[in-house]
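Student: Please take one part of this model and go through it closely. I should like to know what surrounds it, and how such pairing appears elsewhere in the chain.

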Amino acid sequence: MPPSEKNEKPIQEPAIPSGVIDDNPVVLAVNKILVEGIEKGSSDILIEPLDNEVQVRYRIDGILHRMHLFPKSFQDGIVGRIKVMSGLDISEHRLPQDGRLKMTYSSKEVDLRVSVLPASLGEKVVLRVLDKSRTVLDISTLGFDQRTLELLKVNLVKPVGMILVCGATGSGKTTTLYSAVQYIDSIDKNIVTVEDPVEYQLYGINQVAVSEDIGLNFASALRSILRQDPDVVLVGEIRDFEAADIAIKASLTGHLLLSTLHTISATGSTVRLMNMGIEPFLIASSCLLVVAQVLARLLCPKCKEPYHPSKEVADVLRASHLSLDEQTVLYRKKGCNECNHAGFKGRTVVAESLEITASIRDLIIARASEQDIRNAAYKEGMVSISENGFQLVLEGLTTMDEILRVTSLE
């Protein structure tokens, strides 16, 4: 939960990321915001103008927490300081700007992606923290259930076809794709990516950043990449018909193609591609596997407390084909210093995987509804996101409320 105002920390002198000592209060404030955000493991730092104050919030394990309120007089100075650090135009206040900055902290380099947006009360700044040291690019340790993990490993070593990862913004799709690329990377493979933007630099892999301003979009970049003799192509996102059409044709002409799609279920991806204008037979012929995922918070192992589930909770778990009895113990959050009194620490992937088998392929070609495809997939062994999430509840790793928050019950 957000800290109360009496617990909000006053501005103090933090460790200076650049190693340069400066007693300017605005510089100290910015240093404090950045250092504390990294120390707390934030994925995003939001600096937002209010009527009489400047609010700073950190997104930790997917949840926003308000950490500081600065005087309104600090607003222009904080925004200007961040613009200088990220190479943006400090005189431009009417248009959005995007940039990057790199800082060294605790002997490691941390990249921060900066977005400045003009709002009615002033400019809002959001910094995406890209701390590679906190991100383990290994598909075996992301938290996938055994079925999904095995399907990923089997299909990633195939020479041709398309693998899609679906989910909402912030669901960890890019990390999954990077981990997949790391799994198959070898000296005898030519792997090229096209991303918007490039989040992490992967050693030995050619990464192309999309730039709409000069006409370099996903489709045009992908056309050029296919002339570069690639074995594996990673497309950051399929957004429209043109990109989808080129991606599918690439996967049918001797390339393994990995990409993301904005749908909340694995079976919804086929309908989404059809709505873009892709012919069903092309989807059926090219697609190997679709993984849909969300991120769920893990209970803090230091303070989680056991309880016996109520009849209502037990009924939900049994409806998900999970076995439990009167002796079953679940866990709920409590809160301690280790987890900043949130009760949760860290996140894990919760996923469902749709393997494009012969029967699923026939349904796609026949333009079957999403529900018909889903019912057929269940018969072939697919386990839904919510059912996989409830398995984590039964294992004492997370809570019922958390799974219900991040998934939709079928």
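Tutor: The account below begins with one strand, moves to its partners and a nearby-listed residue, and ends with another sheet topic.

The model is predicted, so local features are given at pLDDT of at least 70 and side-chain atom pairs at pLDDT 80 or more, while totals for chains, interfaces and linings use all residues. Numbering starts from 1 along each chain as its sequence is written, and side-chain values use heavy atoms, without hydrogens and water.

The part chosen is strand 11, residues 256-261 (strands are DSSP runs of E, at least two residues, and helices are runs of H or I, at least four, numbered from the N terminus). Strand 11 is mostly covered, with six of its six residues buried (under 20% relative accessible area with a 1.4 Å probe, protein chains only). Leu256, Leu258 and Thr260 point one way, Leu257, Ser259 and Leu261 point the other way, and all are buried.

Strand 11 pairs with strand 7 (residues 161-166) in the parallel sense, over six bridges (pairing requires at least two DSSP bridges between two strands). Within this pairing, Val165 has Thr260 as its bridge partner. Strand 10 (residues 232-235) also runs parallel to strand 11, and four bridges join them. Here Leu234 is partnered by Leu258. Thus Thr260 and Leu258, which point one way from strand 11, each serve as a bridge partner, Thr260 to Val165 and Leu258 to Leu234.

Leu256 of strand 11 also takes part in the surroundings of Asn155, a residue of helix 3 (residues 146-156). Leaving aside neighbours within four places in sequence, Asn155 is in contact with Ile163, Leu256, Leu288 and Leu289 (heavy atoms within 4.5 Å). Asn155 has 2% relative accessibility and therefore counts as buried.

For antiparallel pairing, one may turn to an open sheet of six strands, whose order is 3-2-1-6-5-4. Strand 3 (63-71) and strand 4 are its edges; each has a single partner strand, so one side of each lacks a neighbour in the sheet. Strand 2 (residues 53-60) and strand 3 run antiparallel and are joined by eight bridges. Val54 stands opposite Phe70 of strand 3. Helix 1 (residues 25-39) lies across strands including strand 1 (44-49) and strand 6 (122-130), and helix 2 (residues 75-85) lies across strand 1, strand 2, strand 3, strand 4, strand 5 and strand 6.

Note on methods:
Axes are lines fitted to C-alpha atoms, for helices over the stretch in contact, and angles run from 0 to 180 degrees between N-to-C directions. Buried means under 20% relative accessible area, exposed over 50%, partly exposed in between (1.4 Å probe, protein chains only).
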